[in-house]
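The following exercises concern a structural model and are each followed by a worked solution. Please examine the sequence and the structure before reading on.

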Amino acid sequence: MPTPFTHRMTTYSADDEFLTAALPFLTEALSTPDEPPPVAIAAPDKLDLLREALGNDIKHIALIPGTDWYTGSAANAVAQSADYLATHAGPGGRAHLLMEPVWNGRAGRDPRETAEWIRYEALANLLFAPFATTALCAYDTRTAPPTVIEAARRTHPDTDAYEAPARITAELDAVPLPPPPPDARPLTGPTTTAATATAVRQWARARGLPVADAELFTEAITAASSTLGPVTDALLWGEAPSCVCELRTTRRVDDPLAGFVPPPTAELDPDQGLWFTRQVCAYVDIRDHSTGATVRLQYA
């Protein structure tokens, strides 16, 4: 069934090819009634290209460095996009967003991180389906390897390789998690929420997390537990900043959007705790099994 959200993709291998794709898209936005100024979210050098090409018309376009938009995890990008549309979009969420992915293979992006951004691209088709937003994701083949380009094509409905988001996420979730290290510490003792929080907080501080970070990590675990519980087992391992907690629950998490849907208000109810967890942690890996789920939280 068609939805208002239009999610396009383009690739380019030279600066002039970037402009060939970007300029008509931005011009289309400027001529669309009831829309705010279009937004270009890209690396500084691409923004400079747009300034030079558009001249005085650049004042009608919002320019945002990609590093200011993609400031953390894929879940953080969902929150950023949702907040921007709620604040700046026209009626029904009308807006044009030119977006240059920062996860497209540049130095420092590991396969795990790239996989989470591919999940973001797939889930965007569901998360933003109610909005009359038009997004164009521009991938630079000079920095993005062919595997990333092909994965991105599977997440954009305007390509012949597009696949349903549920299929993409199921494929990502079929990859087994690495086993916990031998020195992983079981969380034992009283099982009350307060007692568990105290134990996690003390462990995180001993592993080198600053007080504020240890508190956030503890709150993220507590929020996940309250949403996904009951928790039967918990393991802790790692050193700051990459502290990890793995929870075993008796409840499966069948919804690929779990923890990605922005809450309607700032006040979270217990079922929305996983949203907070995803906002705090760099990675939240969920693997369903026959008797429940394994949920692995990595702080950074």
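**Exercise 1.** Which element gives the largest share of the lining of the second largest pocket?

Solution. The model is predicted, with local features requiring pLDDT of at least 70 and side-chain atom pairs pLDDT 80 or more, while totals for chains, interfaces and linings use all residues. Residues are numbered from 1 along each chain as its sequence is written, and side-chain values use heavy atoms, without hydrogens and water.

Step 1. On a 1 Å grid over the protein atoms alone, a pocket is an open set of points where a 1.4 Å probe fits, with protein on both sides within 12 Å along at least five of seven lines; lining residues have an atom within 4 Å of a point.

Step 2. The second largest pocket has a volume (the space filled by probe spheres set on the points) of about 350 Å³. Among its 17 lining residues, Arg 112, Leu 177, Pro 178, Asp 285 and Arg 287 are the closest to the centre.

Step 3. Two or more lining residues come from each of α5 (111-127), β9 and β10. The largest share, 5 residues, belongs to α5.

**Exercise 2.** State the make-up of this lining by class.

Solution. The lining has 10 nonpolar, 6 charged and 1 polar residues; Asp, Glu, Lys and Arg count as charged.

**Exercise 3.** Identify the contacts of Phe 217.

Solution. Contact means heavy atoms within 4.5 Å. Beyond its neighbours within four places in sequence, Phe 217 is in contact with Val 200, Trp 203, Ala 204, Leu 209, Cys 243, Val 244, Cys 245, Leu 297 and Tyr 299.

Technical notes
Helices (H or I, at least four residues) and strands (E, at least two) are DSSP runs, numbered from the N terminus.
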